[in-house]
Amino acid sequence: MVQKGLLKEAEAQGLQSKANEANLTFVEQLLQSKNYSDADVAEFAASTFGFPLMDLGAMDPEHLPAKFLEGKILNGKRAVPLFTRDNRLFVGFSDPTLRSAMDELKFQTGLHIEPIVVEDGKLGALIAKLSRTADTSLKDLVDGDGGSDMDSLVTEEAPSDAPGVQIDDAPVVRYIQKTLLDAINGGASDIHFEPYEKYYRVRYRVDGELREISQPPLAIKEKIASRIKVISKLDISEKRVPQDGRMKLVMSKNRAIDFRVSTLPTLHGEKIVMRILDPSSATLGIEALGYEQEQKEAILNAISRPYGMVLVTGPTGSGKTVSLYACLNLLNKPGINISTAEDPA
């Protein structure tokens with residue numbers, strides 16, 4: 001815009017500084033100045049960068065690719081996946097200079113990203129609508145008629161009449177359910193329930209970093225621990241030794257999330273860590289896992305052998321389980337017999 005004489009260089013630098021301070025894109029900050037309309041900026045960006053221009057008003061949100069609209073893919077991006085064609089994902093951007101967002105989408109989806117310029121106002125409205133839809137679905141699950149009990153979502157649950165602390169408190173059940181769903185939608189890999197002397201906190205691990213999410217009342221720490229242990233088939237009467245279990249959260253007919261659950265006695269109560277395992281991550285394929293070409297060839301060669309052993313090692317959160325899921329998905333063919341055994345400890 002500076003080169004075309006539409007903005008002075010000092011003015012452009014000022015807008016960029018304000019955008020950085022407000023955590024906005026340059027286009028958002030430019031439109032807030034009220035000197036340009038959404039349509040003018042979109043048309044200029046499309047012609048300058050050579051990308052196609054599209055009117056989001058003509059797009060039916062119901063026809064958007066649902067599997068690319070999860071929170072962990074959309075989170076923090078000023079972009080919306082619009083449709084797919086072969087191995088290409090067409091994405092609506094209002095600011096085509098956001099190369100980092102395009103690269104991240106390419107990594108997460110394993111598809112080639114084709115940018116399409118759209119008006120920022122309509123893009124923001126669509127993102128807000130998708131967020132409201134997700135929030136409404138979450139609210140229905142937590143506060144709806146069936147939201148007072150987690151039994152409809154958790155499969156193979158242990159009997160809730162086990163001896164010990166009473167755990168059929170509806171608020172605690174709804175709180176745990178919302179915590180699990182928020183963690184999944186936010187792309188977390190772990191949930192930490194941590195009791196301390198004067199407070200209780202819940203943290204999510206996102207991109208390898210622990211982030212505090214909430215501090216529920218200290219008085220309900222026993223009920224939270226008991227409820228999680230019940231749905232994980234652990235002994236709620238045993239609080240002096242560590243325990244390991246697992247549970248499954250059924251999100252829909254085609255999607256279920258596995259959780260590994262570990263409890264550890266501490267001075268102020270039981271600390272609980274839940275590892276989130278999403279089997280759908282295997283559908284991304286080996287190409288989307290970030291391997292170098294030599295590494296990818298080595299692992300594909302290893303799993304294609306008729307016998308032997310593949311040893312996968314690495315620190316927590318490095319991608320061991322997702323890699324194994326992806327390998328099993330490649331091997332899972334009608335003529336192959338696969339049996340798995342797991343000891344979460």
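These legends walk you through several close-up views of a predicted model.

**View 1. Helices α7 and α8 pack against each other.**
Start with two helices: α7 covers residues 170-185, and α8 covers residues 221-231. Two packed helices are described by the angle between their axes and the distance between the axes. Here the angle is about 65 degrees, and the axes of α7 and α8 are 10 Å apart. That makes α7 roughly perpendicular to α8. As for handedness, the crossing of α7 and α8 is right-handed.

**View 2. A salt bridge within helix α7 joins D182 and K178.**
Staying with α7, look for D182 and K178, which are four residues apart, or about one turn of the helix. The closest N and O atoms of this salt bridge are 2.7 Å apart. Are these two side chains buried, exposed or partly exposed? D182 is partly exposed, with a relative accessible area of 25%, and K178 is also partly exposed, at 38%. The bridge between D182 and K178 is one of 12 salt bridges in the structure.

**View 3. D190 and R205 form a salt bridge between two strands.**
In this pair, the closest N and O atoms are 3.8 Å apart. D190 belongs to strand β4 (residues 190-195) and R205 to strand β5 (residues 200-206), so the pair links distant parts of the chain, 15 residues apart. D190 counts as buried because its relative accessibility is 4%, under the 20% limit for that label. R205 is partly exposed, with a relative accessible area of 22%.

**View 4. K271 reaches E194 in a salt bridge.**
Here the closest N and O atoms lie 3.4 Å apart. K271 sits in strand β9 (residues 269-277) and E194 in strand β4, so this pair ties together parts that are 77 residues apart in sequence. E194 is buried, with a relative accessible area of 2%, whereas K271 is partly exposed at 26%. Which residues share a network of salt bridges with E194 and K271? The other members are R201, R203 and E212.

**View 5. D86 has a positive phi in a loop.**
Now turn to the loop between strands β1 (79-85) and β2 (88-93), which is the place of D86. Although D86 is not a glycine, its phi is positive, at about 55 degrees. D86 is exposed, with a relative accessible area of 74%, and a residue earns that label when the value is over 50%.

**View 6. K233 also has a positive phi.**
This view shows the loop between α8 and β7 (243-252), where K233 is found. Its phi is near 60 degrees, a positive value in a residue other than glycine. If you are coming from View 1, helix α8 (residues 221-231) is the helix that packs with α7.

**View 7. Four residues make a nonpolar surface patch.**
The final view shows L328, L331, I336 and I338, which together make a patch of about 290 Å². I338 lies in the segment after helix α10 (320-331). How accessible is I338? I338 is partly exposed, with a relative accessible area of 33%.

Terms used
Residues are numbered from 1 along each chain as its sequence is written. This is a predicted model: local features need pLDDT of at least 70, side-chain atom pairs count only at pLDDT 80 or more; totals for chains, interfaces and linings use all residues. Side-chain values use heavy atoms; hydrogens and water are left out. Patches are made of residues with over 30% relative accessible area and no salt bridge: like charges are joined within 9 Å, nonpolar side chains (Val, Leu, Ile, Met, Phe, Trp, Tyr) within 5 Å. Accessible areas come from the Shrake-Rupley method with a 1.4 Å probe; for residues, only the protein chains shown count as cover. A salt bridge is a side-chain nitrogen of Lys or Arg within 4 Å of a carboxyl oxygen of Asp or Glu. Buried means under 20% relative accessible area, exposed over 50%, partly exposed in between (1.4 Å probe, protein chains only). Axes are lines fitted to C-alpha atoms, for helices over the stretch in contact, and angles run from 0 to 180 degrees between N-to-C directions. Angles under 35 degrees count as roughly parallel, over 145 as roughly antiparallel, 65 to 115 as roughly perpendicular and the rest as oblique. A crossing is left-handed if the near helix is turned anticlockwise from the far one by less than a right angle, and right-handed if clockwise.
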